[in-house]
Amino acid sequence: MNGEHKRSSADVMVTQTTLIKRLFILSVTGLMLMCGGCFSGMSVYAQNATSSNAQHAKKISGVVIDSNGEPIIGAAVLVQGTSVGVATDVDGKFSLDVPSNGKTLVVSYIGYDNQEVPITSSSQYKITLSGTNYALDEVVVTALGMKREKKALGYSVQDVKGDALIENRTANIATSLNGKVAGMNISATSIPGGSNRIVIRGNNSISGNNMPLVVVDGVPFDNTQGVDDATTNSWGTGFSDTGDGLSMLNPDDVESISILKGPSATALYGSRGGNGVILVTTKKGQGGKTLVSYNSNFTFENVMIQPEFQNEYGQGTGGAFDITSRNSWGPKMGTVVTDWTGQTRPLEAKNNDFSDFMNTGTSWTNSVDVTGSAAKMNYRVGLSNTTRKGVIPNNSLSKNNFSVRAGGEIIKNLTLDAKVNYTYQKGKGRPEFSASGFNPIFALIYTPRSINLHEMKNIFDEEGNILDWYSKPLTVVNNPYAATSLTGNQDVTNRVNGFASLTYDISSWLKAMVRFGGDTYGKKTEKWIRHGLISSSGYSDGRFSTGQYRGVL
């Protein structure tokens with residue numbers, strides 16, 4: 001009895017569940033059913049309008065269910081090739097008059113695969129729809145530019161779409177990747193057009209290069225940092241950072257970036273890919289009508305983090321004031337002294353922070369893209385201009401990118417794809433590294449806390465002498481404004497990279513491709529120092545130097 005009672009309870013529960021489910025479906029698809037009723041009415045009219053011989057029409061009925069046997073409410077049942085159709089009712093049932101030329105029923109519903117049912121001599125039909133089970137397979141670009149399904153790979157590949165790079169745009173592609181790729185650490189610089197240090201899955205060498213290989217459209221791309229012979233041993237020797245290869249690319253040209261990690265992923269690139277590979281795939285032309293897109297972006301930046309300094313003690317050492325001291329452990333602020341200006345006044349911590357010297361940096365980017373097709377060829381033309389002003393006074397960068405890409409089937413089974421990109425970049429006033437005597441940041445760090453920076457802003461006094469709080473013969477520039485105004489540098493880079501490839505379809509599963517590509521650039525640098533700025537040997541009369549660099553890959 002208990003067993004029978006349990007079975008009866010289960011039956012009741014199933015019945016209640018089914019009833020609730022039907023009521024829910026009915027409430028959700030009520031509007032569809034109303035539309036179905038209208039559709040049904042129109043189908044009757046269509047039958048009367050198109051069929052002049054009613055005796056040739058055949059009446060059929062049936063039910064539409066899912067794979068679990070539950071009726072599907074509001075499914076569309078249409079006679080293929082005609083306008084005759086109805087929607088199923090709350091029990092999944094339908095009934096319609098099939099014209100004499102009707103051969104097939106097409107049954108469809110959202111979330112299910114369409115079902116085609118041949119119309120036979122039978123007047124009753126039971127039609128089962130299967131739920132769609134489509135999963136979008138993620139396709140990534142792997143070594144040599146080959147596209148593979150991510151799930152089919154036996155190694156780690158992470159893909160970043162081009163849209164993600166321009167949603168929160170930065171002027172440098174590398175900094176746009178920050179936080180988007182697992183295991184990738186990017187040390188960025190705030191200098192416009194500066195280099196970035198990129199490490200994937202930690203350092204592989206304690207003395208060598210740990211930077212990954214950069215490949216653009218299947219062609220190795222020179223991503224050398226600085227480019228002007230600066231190395232990790234160049235700190236304090238007068239070098240400045242003139243940028244790397246990635247900083248010269250146009251983010252609007254990028255379709256996607258794939259990061260290959262581990263030896264299995266980078267095996268095809270040999271030892272050059274030992275630290276990982278960054279694969280950059282640029283955009284292609286789109287078929288159809290000619291489309292023109294314009295993108296403009298403006299950003300500004302300020303110094304967010306700066307060193308913390310004490311403002312309790314002024315210039316001097318051991319509590320005593322010393323006008324030649326670089327330390328800030330002299331008398332307490334408020335003590336009256338005769339300072340470097342010759343004035344007798346209290347020591348004061350005023351206008352002595354980094355933010356009091358630095359400016360608000362700006363970046364303005366404008367780009368135009370034209371895509372279209374002509375005959376069997378697709379093309380894309382891109383033009384971009386970037387103008388940046390750094391937070392350090394007199395530091396600026398201008399960059400122009402021009403790219404052309406075309407491709408298509410030139411003869412049967414033979415496809416051409418070609419691209420050329422030209423970059424012109426001009427940097428001015430790039431600060432020198434670390435302990436260089438001409439680095440304004442170095443001057444800021446070693447300026448006592450009681451020195452008012454704004455009192456040196458005019459650079460020259462009434463007699464034409466350079467303002468400097470340090471009274472002894474100068475071996476370094478202590479006035480940061482003088483370091484950015486009376487010294488300077490400029491670098492101009494012209495860079496061309498591109499490729500051309502031919503692909504022949506031998507069969508549906510076999511292709512042959514040949515690709516030619518290259519990356520070349522030329523850079524000219526200039527550096528000048530005004531006479532009388534410092535008294536070190538070789539600098540008292542000023543200096544002007546030039547350099548030229550060339551890279552071919």
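**Aromatic and charged side-chain contacts**

The structure holds six aromatic pairs, and one of them is the tilted pair of F442 and Y446, whose ring centres lie 4.8 Å apart with 45 degrees between the planes. The model is a predicted one, and 15 salt bridges are found in it.

**Aromatic rings**

- Y446, a partner in the tilted pair, is partly exposed at 39% relative accessibility.
- W469 and Y470 form an edge-to-face pair, at 5.6 Å centre to centre and 85 degrees between the planes; W469 is buried with a relative accessible area of 1%, and Y470 also counts as buried, at 16%.

**Charges over rings**

- The ring of Y470 has the charged end of R326 sitting over it, 4.5 Å from the ring centre.
- The face of F221 is covered by R495, which lies 4.2 Å from the ring centre.

**Salt bridges**

- K59 and D97 meet through their side chains in a salt bridge with an N to O distance of 3.8 Å; because K59 lies in strand β1 and D97 in strand β4, the pair ties together parts that are 38 residues apart in sequence.
- K59 is exposed at 56% relative accessibility, whereas D97 is partly exposed at 28%.
- R345 pairs with D339 in a salt bridge whose closest N and O atoms are 2.6 Å apart; R345 is partly exposed at 24%, while D339 is buried at 12%.
- E432 forms a salt bridge with K527, with the closest N and O atoms 2.7 Å apart, and because E432 lies in the loop between β23 and α7 and K527 in strand β25, the pair ties together parts that are 95 residues apart in sequence.
- E432 counts as buried at 9% relative accessibility, whereas K527 is partly exposed at 24%.
- D217, R405, D417 and K419 are joined into one network by salt bridges that share partners.

Note on methods
Residues numbered from 1 in each chain as written. Predicted model: local features only at pLDDT ≥ 70, side-chain atom pairs only at ≥ 80, totals over all residues. Heavy atoms only, no water. Phe/Tyr/Trp six-rings, centres within 6.5 Å; stacked < 30°, edge-to-face > 60°. Buried < 20%, exposed > 50% of the residue type's maximum accessible area, 1.4 Å probe, protein only. Lys NZ or Arg CZ within 6 Å of the ring centre and 35° of its normal. Salt bridge = Lys/Arg side-chain N within 4 Å of Asp/Glu carboxyl O. Helix = DSSP H or I, 4+ residues; strand = E, 2+ residues; numbered from the N terminus.
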